[in-house]
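Trainee: I am new to this structure and would like to take a close look at a single part of it. Could you walk me through one helix and the sheet it rests on, and then place that part beside the rest?

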Amino acid sequence: MSAPRPRPPHLVFFIPDQFRGDTLGHMGHPAVHTPHLDHLVETDGVSFSQAFCQNPVCTPSRCSFMTGWYPHTRGHRSMHHLLQADEPNLLAELRQAGYHVWWGGKNDLVTDPEGYARSHDVRHRAEVHHEGLHGDLSWRQRDGDRWDYSFYAGKLDKLPGEDVYLDGDWSHVLAAEKLIRDWDSDQPLCVFLPLQFPHPPYGVEEPYFSDVDRSQLPPRVRSAAFTGKPAMHEALRQGFKLEDRPEPWWDELRATYCGMCARVDAQAGRILGALRDSGRYDETAFFFFSDHGDFTGDYDLVEKAQNLFEDCITRVPFILKPPREQGTFSGIRQGLVELVDFSATVYELAGIEPSYTHFGRSVLPLLERDGEHREAVFCSGGRTTHEMHCAVEGNGGHEHEEFLYYPRLRVQAGDPVAHGKGLMCRDARYKLVTRLYEQDELYDLEADPAETTNRIDDPALAGELERLRALTQRHLLETSDVVPWTLAQREVSGQSDVAVTPVRS
């Protein structure tokens, strides 16, 4: 008689938007306060210091980590090509395996989210008092005929009687906290919290706004310091029109971003507290990671871009607290990991064999000891000259100067070379960016961690260049497509095609 299958763990996916991998206390950031996540890593969780996204903007990255596919595998390379109803994803696999999936927060993942919610019972809404910084633009300043593209909002004011600035993020966090405390079913629970913060505009309420020591902010990378960067860099700097801002202004913007990260940490602490109080902490796997990072003043830029690959926008936090049955682990791991590894790790924890081919590798072996997980990590973005549908957005923002994202969308729509395809291959020391229309980039991250000097033509690095090019070629060959597992039997002896059982490796 076979042993009964172990009870699958509860799952919490806590996913802030645009959270840099270096903006955590336990990663050595001197100004940000993230006590809840820091304590988790000191006691029950593992933080992966070298985790990287597969695309530096929201939708392609989310489609990637929710499937284990790279953005190029099925063409999920733009902000408007979301997962289709017939494409697999982690939430659907979990629901099919018996999980109750609760989704509170932003989409940027599937087409027709409300229809998806009705058919999959995954999405819940919560009370919201504040429209949010993208909906309420009263914070935005204008200097004469010059629009402000800085995304800087500053301190947010709570309404009278509010304990928190009750926007969509807080509303969904509080709803998820209540759900966890009240859950009384034997069904395994998956809480999916894709938040907005710390995505710009840069604004946050007290106490987080003032709880950042501006004097402790680390130096930022200045644009004058680098050479050999692609055209998108200069095009964005010209479009943002931030070159005349003094350093104290940049410090306020960066401090506000740190305050936003501190608020996210406090929200994560609320969820961890609910798990402890409800007695579900030990039987829950808690994941904390972001879809990509943010420039936050580095290179004199704000926000991000689809085809730039500096570490500040490609390196992300990635923290895992496994269920107690996996063991008790803590600390920081240095092995290279990718966000495609997230879904693979969940599948292993939940005992699910997914019904499709993916490219993730579970990080569970790294919990016990550090080591090499991947030889290199990859991130890609941009378009070819004829892919106008990958350049513009449906709201026509590239045509309207008042739109927040106008500078970036104007370049994407008007300069196909600057918005051209790029592919990053990064190992523990070197980074190669292969570009379709511009000069490639090569950086020695040990000698030049700020990626200021492009050494693509340096003969001293010719061997490393050849090695990284070979890794890139192999990566593209291995991940260029996926074949559905459901096969059809071709006509034999006059019989029609017949579907056969999926073939699994």
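Mentor: What follows starts with one helix, moves to the sheet beneath it, and then turns to a second sheet and to the cysteines.

Please keep in mind throughout that this is a predicted model. The part I would choose is helix α12, which covers residues 462–479. At 1.5 Å a residue, its 18 residues should span 26 Å, and since the C-alpha atoms at its two ends are 26 Å apart, the expected and the computed span agree. Within α12, the residues L465, L468, L471, T472, H475 and T479 are buried. Seen down the axis of α12, these buried residues fall within an arc of 125 degrees, so they line one face of the helix. On the other side of α12, by contrast, E466, Q473, R474 and L477 are exposed.

What do the buried residues of α12 pack against? They pack against four strands, namely β15 (377–381), β16 (422–426), β17 (430–435) and β18 (441–444). The helix α12 lies across these strands, and its direction runs at about 60 degrees to that of β17.

Those four strands make up an open sheet in the order β15-β16-β17-β18, with antiparallel pairing. At its edges stand β15 and β18, each with a single partner strand, so one side of each is left without a neighbour in the sheet. From one strand to the next, the twist averages 10 degrees.

The pairing of β17 with β18 can be followed residue by residue. These two strands run antiparallel and are joined by four bridges, while a hairpin of five residues leads from β17 to β18. Along this pair, Y430 stands opposite D444 in β18, and the bridge partner of V433 in β18 is E441. As a general point, the side chains of a regular strand alternate between the two faces of the sheet. In β18, E441 and Y443 point one way, whereas L442 and D444 point the other way, and all of them are buried.

A second sheet gives you something to set beside this one. It is an open sheet of seven strands in the order β4-β8-β1-β10-β12-β2-β13, and its pairing is mixed. The edge strands are β4 (100–103) and β13 (331–333), each of which pairs on one side only. Neighbouring strands of this seven-stranded sheet are turned by 15 degrees against each other on average, with direction ignored.

Within this sheet, strand β1 (residues 10–15) runs parallel to strand β8 (residues 189–194), and five bridges join the two. One of the partnerships here is that of I15 with P194 in β8. The strands β1 and β10 also pair in the parallel sense, over five bridges, and V12 has F286 in β10 as its bridge partner. The pairing of β10 with β12, however, is antiparallel and rests on four bridges, with F289 having F318 in β12 as its bridge partner.

How many residues of β10 are buried? Six of its six residues are buried, and both faces of the strand are covered, with T284, F286 and F288 on one side and A285, F287 and F289 on the other. Two helices that pack against this sheet deserve a look. Helix α1 (residues 35–43) lies across β2 (46–48), β10 (284–289), β12 (318–321) and β13, and runs at about 55 degrees to β12. Helix α9 (residues 340–350) packs on the sheet as well, touching β1, β10 and β12, and its direction makes about 175 degrees with that of β10.

Finally, a word on the cysteines. The structure holds zero disulfides. For C379, the closest cysteine sulfur is that of C53, and at 4.2 Å from the sulfur of C379 it is too far for a bond, given that a disulfide requires the two sulfur atoms to lie within 2.5 Å. The relative accessibility of C379 is 1%, so this residue counts as buried. C390 is likewise in no disulfide, the nearest cysteine sulfur being that of C63, 13 Å away. With a relative accessibility of 9%, C390 also counts as buried.

Notes: Residues are numbered from 1 along each chain as its sequence is written. This is a predicted model: local features need pLDDT of at least 70, side-chain atom pairs count only at pLDDT 80 or more; totals for chains, interfaces and linings use all residues. Side-chain values use heavy atoms; hydrogens and water are left out. The expected span of a helix is 1.5 Å times one less than its number of residues. Buried means under 20% relative accessible area, exposed over 50%, partly exposed in between (1.4 Å probe, protein chains only). The arc is that of the directions from the helix axis to the C-beta atoms. Contact means heavy atoms within 4.5 Å. Two strands pair if DSSP finds at least two bridges between them. Axes are lines fitted to C-alpha atoms, for helices over the stretch in contact, and angles run from 0 to 180 degrees between N-to-C directions.
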